[in-house]
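Below is a short note on the model you sent round. Please read it alongside the coordinates.

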Amino acid sequence: MAVGDTPAAAKVSISGAALAALLHRCAAAAGDCDGLLFGRASRVPAPPPSLSDYDDHAAAPPAPALAVSVSGHSSLSHPSSLSDPLGRLQLQLQPASIPSAPVGFFSSRRRTPLRPSMRELALAHSLAETLAPAHPLLFILVSPSASPNLSIHSYDYRAYLLVGARLVPASLGVVNVGPGFRDQYHSFVAESPLPWLPPHQPSSPAAGHAHTIGEQKAVDDMVDGFGIGRLQGVLGSAAGQAAEMDDMYAGMIRRLDKLAREVEKSNLRVLEQENRNLLLRFRSAGLE
């Protein structure tokens, strides 16, 4: 999608957690602040044409050709860190040197209208020239405010897309977990370091199957002294399951205790080495 395309063909969204973190950053700042927005921009495939035998069939609205999703932000501690007073980008951004290219930027101004300023427009052009994105640059303007006794905090925000030489308002959708967004999580697959464990069946010919060394090591890294066979038995039988789970959690605690003791020993060795180095520096300087 070219930078000069209409923003109506773009769908802009942000996750609820990312929006909450962004609003908290703007509210916690001592004054005005700005930063970069990270996420993903992808082209949406065109839907298949709908066929109808009726001439007066209402035409469906065009599907968005581009989807821009914001998943996080980055902001430095001091205010107005992205640009100088003229709106020129101050950070040395090299798209090839960062793992995820920014999809845009945000700016927070307290008790001001939700309209981009000339400086923010100049910053948008400067950032677009630096990153050279294949999609319109996203800009989110935030205006936090609070009541005199700080009992009520309000947050107004608005999204814009850089289209040609202008920042054009765009609709910003907030993606939350719920029935209305269930289709976005239907392909979720949990990731676990533990191996796949089918239910334990003693009468099955495969009951005596020996697990690989890698599978046993994955269990040992999580639980101390709890074999993979016992773990598989917990999944297959209800009798004695509570006692087995208690033993498994006890093994996890033993594993954490071992790791804590190893960290304490390593920290002690580092401290002793630092003391020896300090003593050697004193001796070399003739201060002892």
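The points that follow go from the overall make-up to the sheet, the helices and one patch on the surface.

1. The model is a predicted one. The protein has five helices and eight strands. Read from the N terminus, the elements follow the order β-α-β-β-β-α-β-β-β-β-α-α-α.

2. Of the 288 residues in the protein, 28% are buried. The exposed area of the protein is about 18600 Å², and 59% of this is supplied by carbon and sulfur atoms. Taking contacts between residues at least 6 apart in sequence, 70% join residues at least 24 apart.

3. Eight strands make up an open sheet with mixed pairing, in the order 7-6-5-4-2-3-1-8. Strand 7 (166–170) and strand 8 (172–175) are at the edges; each has a single partner strand, so one side of each lacks a neighbour in the sheet. On average, and ignoring direction, neighbouring strands of this sheet are turned by 35° against each other.

4. Which strands does strand 3 (66–74) join, and in which sense? Strand 1 (10–15) runs parallel to strand 3 and is joined to it by five bridges. Within strand 3, Val68 is the residue opposite Val12. Strand 2 (33–43) runs antiparallel to strand 3, and eight bridges join the two. Here Arg43 is opposite Leu66 of strand 3.

5. Elsewhere in the sheet, strand 4 (residues 104–108) pairs with strand 5 (residues 138–146) in the parallel sense, over five bridges. Ser108 has Val142 in strand 5 as its bridge partner. As a general matter, the strands of a sheet pair through backbone hydrogen bonds, in either the parallel or the antiparallel sense.

6. Two helices lie across strands of the sheet. Helix 1 (residues 16–28) lies across strands 1, 2, 3, 4, 5, 6 and 8, and runs at about 70° to strand 1. Helix 2 (residues 118–131) lies across strands 2, 4, 5, 6 and 7, running at about 160° to strand 4. Strand 2, strand 4, strand 5 and strand 6 therefore appear in both lists.

7. On the surface, a nonpolar patch is formed by Leu278, Phe282 and Leu287, with a combined accessible area of about 290 Å². Leu287 lies in the segment after helix 5 (241–284). Is Leu287 buried or exposed? Its relative accessible area is 62%, and as the cut-off for exposed is over 50%, Leu287 counts as exposed.

Note on methods
Residues are numbered from 1 along each chain as its sequence is written. This is a predicted model: local features need pLDDT of at least 70, side-chain atom pairs count only at pLDDT 80 or more; totals for chains, interfaces and linings use all residues. Side-chain values use heavy atoms; hydrogens and water are left out. Two strands pair if DSSP finds at least two bridges between them. Helices (H or I, at least four residues) and strands (E, at least two) are DSSP runs, numbered from the N terminus. Axes are lines fitted to C-alpha atoms, for helices over the stretch in contact, and angles run from 0 to 180 degrees between N-to-C directions. Contact means heavy atoms within 4.5 Å. Patches are made of residues with over 30% relative accessible area and no salt bridge: like charges are joined within 9 Å, nonpolar side chains (Val, Leu, Ile, Met, Phe, Trp, Tyr) within 5 Å. Accessible areas come from the Shrake-Rupley method with a 1.4 Å probe; for residues, only the protein chains shown count as cover. A salt bridge is a side-chain nitrogen of Lys or Arg within 4 Å of a carboxyl oxygen of Asp or Glu. Buried means under 20% relative accessible area, exposed over 50%, partly exposed in between (1.4 Å probe, protein chains only).
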